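These are my notebook entries on a structure that I went through one step at a time. I wrote down what I looked up and what I found.

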Amino acid sequence: MRTFPVADPGDPDIRSAGRYLTWLAVRSRRTILMGILWASVWMVAQALMPAAVGRAIDAIEARDEQGLFAWSGALLGIAILIGFTGIMRHRNAVANFLDGAFRTIQLVTRHASRLGAALQRRIASGEVVGVGTSDVDAIGSTLDITARGCASVVTLAVVAVVLLNMSVPLGLLVLIGVPLLMGLVSLLLRPLHRRQNAYRELQTGLADRAVDIASGLRVLRGIGGERTFGARYRRESQQLRTAGVRTARVESLLEAAQFLVPGFFVAFGTWLAARFALDGRLTIGQMVSFYGYAAFLTVPLSTITEFADRVVRGHVAARRVTRVLALEPGVTDTADPVAWPPPGDLVDRCSGLMVRPGVLLGIACEDPQDAPALADRLGRYEEADVLYADVPLADLALADVRARILVGHHDAGLFSGPLRRELTPGDGGTGDLATAVEVACAKDVIDALDNGLDTEIAARGREFSGGQVQRLRLVRALMADPQTLVLIEPTSAVDAHTEARVAARLAAHRRGRTTVVATTSPLVLDTMDEVAYVEDGKVMAVGPHRELLATEPRYAALVTRVDEDDRDDRDDEGNRGNRGNRGDEGEEDA
């Protein structure tokens, strides 16, 4: 696929819809200018056809055989010219469409990659989906119509000059009537623009709703919310349908105007030319020529109306694109990043958490939302007061942080394609795939596939269960083999026996390497070197899991799921439950 150079997404020149369309036009200026040239020749050649036909008729009336042959030859030459220039015009128009569409896709995709995890927090998924499905077509169509739109203006000027030479009143009819008719049609553009904006907003919201429902369908079925969300989707889809009908009403009026307005022009012009022919001010050939011109003018007039419609659509679409491009990354590199320091403590001053090098650290958060927030700070996905070996994490190069600190979110997605490629990081990683699969207890998942690791999987791993996807995510994280691995609830969707095996194998595999696991599972926490209990975003206690069970009531209540009224008995029950849950299988698999 052809690639195109793109500007920096932060360039202020492309942060408004008009500037963005201009930016695209400038970068496609060669094909746009060639398209305008070929389209102008193509349309002007069509405009010369009525004149040649009129001259041929006059030659017949004057019994001028030589003139008839000459004008017949001219008609053949014009027809050949129209065919050739039509091909070239269409080739450039298609190139303009593809340039606008693919440049937009590439720019938005690169900027989305630059935003990273901040994208989902800044904008709805439906907004990004809408850019890739409908907005790119509207923007491409805007560049596509530029050739025919400009050629229509040139052709109208040529026709006006020809008619002025034929008859001043007829020439003035074109010069005055056409702008007046176009002004009347333009009155429809403002309400169309407004309704298209409203329709696009509803379309984005509905797409976002569909994404949420599709990604959480299993959960919705589990809690009985499928019918409620289905009814909400139907209600919103009906609102979108109503908005679409309202938009279509204005669009239908605009489509009708593309034929009705030129039709009035043709009817009045033909009547006027017939009167002039009866008065002797026009020859029969000139009258036929004017009728041909009046009929031909429907093409440039309707094209100009179409041009206005597509520009409005393109402006609405470009506004959506620039909304995405205006988003700033959550973190950026400093002007002069410092070199990566020797291994040291990773300290989050906001919560008081300290991650010592080579330690398996469990984090039990009383509020589930604290876990991803803490992980994002440790991985520098947001600006925070975090130190690594007494050096502010913000002073280190972002690429170095990404290479050495990996945050494995519990909802990280899987892309479509071969499973082997999905489980292997872009740079190949340093881990062993067979070992990673064994540690994550994912061998049964791969063995169940027809082609094993070479099986093509769907986006987000829709063919897998929640527990299977979770184990595959763990395989991918282990394959990266980072210096510091941060995992968020890596076993929340698997059964107790599988969880015990994963916890034991993970601890053995990462022993001696810095690993942080945010979880409230006692099976996982019991394999950690130490555990930090976090409440209200602050570290309240640190120590081995069993020691915290005995000395920290709030921690024991959290990980053993004991109610407030039963806290007097929770210590013994928690420890027995913890040993029972782990079972012999977890110990043997360690």
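Which ring does the charged end of Arg89 sit over? I looked this up in a model that is predicted, and I found the charged end of Arg89 over the ring of Trp42, 4.6 Å from the centre of that ring. I then noted another case of this kind, in which the charged end of Arg402 sits over the ring of Tyr381, at 3.9 Å from the ring centre.

**Entry: helices α2 and α3**

I next looked up how helix α2, which covers residues 29-61, lies against helix α3, which covers residues 65-115, and I found that they pack at an angle of about 160° with their axes 7 Å apart. Angles over 145 degrees count as roughly antiparallel, so I wrote down α2 as roughly antiparallel to α3. For the residues in the contact of α2 with α3, I sorted by class and noted 23 nonpolar, eight polar and three charged residues. I also recorded that α2 passes α3 in a left-handed crossing.

**Entry: aromatic pairs**

How many aromatic pairs does a search of the whole structure find? I noted four aromatic pairs, and I followed up two of them here.

One of these pairs is formed by Trp38 and Phe84, and I entered it as edge-to-face, with 5.5 Å centre to centre and 85° between the planes. Trp38 belongs to helix α2 and Phe84 to helix α3, so that the pair links distant parts of the chain, 46 residues apart. I then asked myself whether Trp38 is buried or exposed. Trp38 has a relative accessibility of 19%, and because buried means under 20%, Trp38 counts as buried. For Phe84 I found a relative accessible area of 44%, and I therefore entered Phe84 as partly exposed.

Another pair is formed by Trp340 and Tyr388, which I noted as tilted, with 4.8 Å centre to centre and 35° between the planes. This pair, too, links distant parts of the chain: Trp340 is in the loop between α11 (298-325) and β1 (346-348), while Tyr388 is in strand β4 (residues 386-388), and the two are 48 residues apart. I looked up the accessibility of both partners, and I found that Trp340 is buried with a relative accessible area of 17%, and that Tyr388 counts as buried at 3% relative accessibility.

**Entry: more on helix α3**

I went back to helix α3, where Asn92 lies. Asn92 has a relative accessible area of 10%, and I therefore wrote it down as buried. I also looked up the spacing between Asn92 and Ala147, which are 55 residues apart in sequence and 8.5 Å apart in space, C-alpha to C-alpha.

I then turned to α3 and α11, and I noted that their axes come within 9 Å and cross at roughly 25°. Angles under 35 degrees count as roughly parallel, and α3 and α11 are therefore roughly parallel to each other. In this case, too, I recorded a left-handed crossing, as α3 passes α11.

**Entry: helix α12**

How many of the nine residues of helix α12 are buried? I found that eight of its nine residues are buried, and I noted that this helix, residues 370-378, is mostly covered. Among the buried residues of α12 I listed Asp370, Pro372, Leu374 and Arg377. Just after α12, I looked up Arg380 and found that this residue takes a positive phi of about 55°.

Notes: Residues are numbered from 1 along each chain as its sequence is written. This is a predicted model: local features need pLDDT of at least 70, side-chain atom pairs count only at pLDDT 80 or more; totals for chains, interfaces and linings use all residues. Side-chain values use heavy atoms; hydrogens and water are left out. Axes are lines fitted to C-alpha atoms, for helices over the stretch in contact, and angles run from 0 to 180 degrees between N-to-C directions. Helices (H or I, at least four residues) and strands (E, at least two) are DSSP runs, numbered from the N terminus. Angles under 35 degrees count as roughly parallel, over 145 as roughly antiparallel, 65 to 115 as roughly perpendicular and the rest as oblique. A crossing is left-handed if the near helix is turned anticlockwise from the far one by less than a right angle, and right-handed if clockwise. Ala, Val, Leu, Ile, Met, Phe, Trp, Tyr, Cys and Pro count as nonpolar, Asp, Glu, Lys and Arg as charged, and the others, Gly among them, as polar. Rings of Phe, Tyr and Trp (its six-membered ring) pair if their centres lie within 6.5 Å; planes under 30 degrees apart count as stacked, over 60 as edge-to-face and the rest as tilted. Buried means under 20% relative accessible area, exposed over 50%, partly exposed in between (1.4 Å probe, protein chains only). A charge sits over a ring if NZ of Lys or CZ of Arg is within 6 Å of the ring centre and within 35 degrees of the ring normal.
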